[in-house]
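Reader: I've got this one open on my screen and I'd like a close look at a single part, the sheet and what packs against it. Could you walk me through it?

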Amino acid sequence: MRPEFIPVGHIVNAHGIKGEVKLNPEGFTPEFVAEFDTLYINGQAIRVKSRRVHKSTLLLTLPEVEDMDAALALKGREVSVRREDAALPEGEYFDAELMGAAVLDDATGEELGTIRRVLHYPAHKVYEVRGQREYLIPAVPEVFIASVDADAGVVRIHMMKGLATDEN
């Protein structure tokens, strides 16, 4: 089942003295997060007054956050978006949607384990799968990933030698 909220980052600091907060996106570009008019901070809906990309972060002006002290009070808070508000291209999924998904060998139907973590590398993501063994599966459609059913929580892969971490 897909989660209702997708974590997109954390507030890491205040920016300046007028109450702007600095959001460090995690697994997303600041431009992607800037598209949302409503963000959820610790589950509470907050309508963004203004936003701007600054280096690799997003600077936000939020209602009732008028000074540095109010901005610093939000430091460390998780920021999420509602899944239904986010549109991804066909065949792409949020990391949070795949966490805990069962991973099956497409040829045999054998369950290899569940996705425990999604690692981000420059070329592509890698799914860390744990079951009887640990596997590192590159998230490359049609090469390693046969199919993904995020609603059912199932990822089918093309099993190849060397994907298990204990193989040579």
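Author: Sure, let's start with one pair of strands. S1 and S2 run antiparallel to each other and are joined over six bridges. To find your place in that pairing, go to alanine 14: its bridge partner in S2 is valine 21. Keep in mind that this is a predicted model.

Now step back to the whole sheet. It is open, has seven strands and pairs in the antiparallel sense, in the order S4-S3-S7-S1-S2-S6-S5. At the edges you'll find strand S4 (44-47) and strand S5 (50-54); each has a single partner strand, so one side of each is left without a neighbour in the sheet. Going from one strand to the next, the twist averages 35°. As for what holds such an arrangement together, strands of a sheet pair through backbone hydrogen bonds, either parallel or antiparallel.

Let's look at the S4 edge. S3 and S4 form an antiparallel pair over four bridges, and tyrosine 40 has alanine 45 as its bridge partner in S4. These two strands make a hairpin with two residues between them, and there asparagine 42 takes a positive phi near 50°.

Next, the packing. The largest nonpolar core has 24 residues, and those with the most contacts inside it are Val21, Val33, Leu39, Leu60, Leu62 and Val79. You met valine 21 above as the bridge partner of alanine 14. Several elements each supply at least two residues of this core: strand S1 (5-15), strand S2 (20-25), helix H1 (30-34), strand S3 (38-41), strand S6 (57-61) and strand S7 (78-82). The largest share, four residues, comes from S1.

Leucine 60 is a handy residue to click on here. Leaving out residues up to four places away in sequence, leucine 60 touches Gly19, Glu20, Val21, Leu23, Leu39, Val48, Ser50 and Arg51. Two of the names in that list, Val21 and Leu39, are also among the residues with the most contacts inside the core.

Before you close the viewer, there is a second, separate core of 17 residues, which includes Val103, Tyr127, Tyr135 and Ile157. While you're in that stretch of sequence, have a look at glutamate 128, in strand S10 (residues 125-130). Glutamate 128 is buried, with a relative accessible area of 5%. Its side chain makes a polar contact with the side chain of arginine 130, at 3.0 Å. Leaving out residues up to four places away in sequence, glutamate 128 touches Thr114, Ile115, Arg116, Arg117, Glu134, Tyr135 and Leu136.

Terms used
Residues numbered from 1 in each chain as written. Predicted model: local features only at pLDDT ≥ 70, side-chain atom pairs only at ≥ 80, totals over all residues. Heavy atoms only, no water. Core = buried A, V, L, I, M, F, W, Y, C linked by side-chain atoms within 4.5 Å. Buried < 20%, exposed > 50% of the residue type's maximum accessible area, 1.4 Å probe, protein only. Contact = heavy atoms within 4.5 Å. Pairing = 2+ DSSP bridges. Axes fitted to C-alpha atoms, helices over the stretch in contact; angles between N-to-C directions. Polar contact = N/O pair within 3.5 Å; in protein donor to acceptor, adjacent residues only side chain to side chain.
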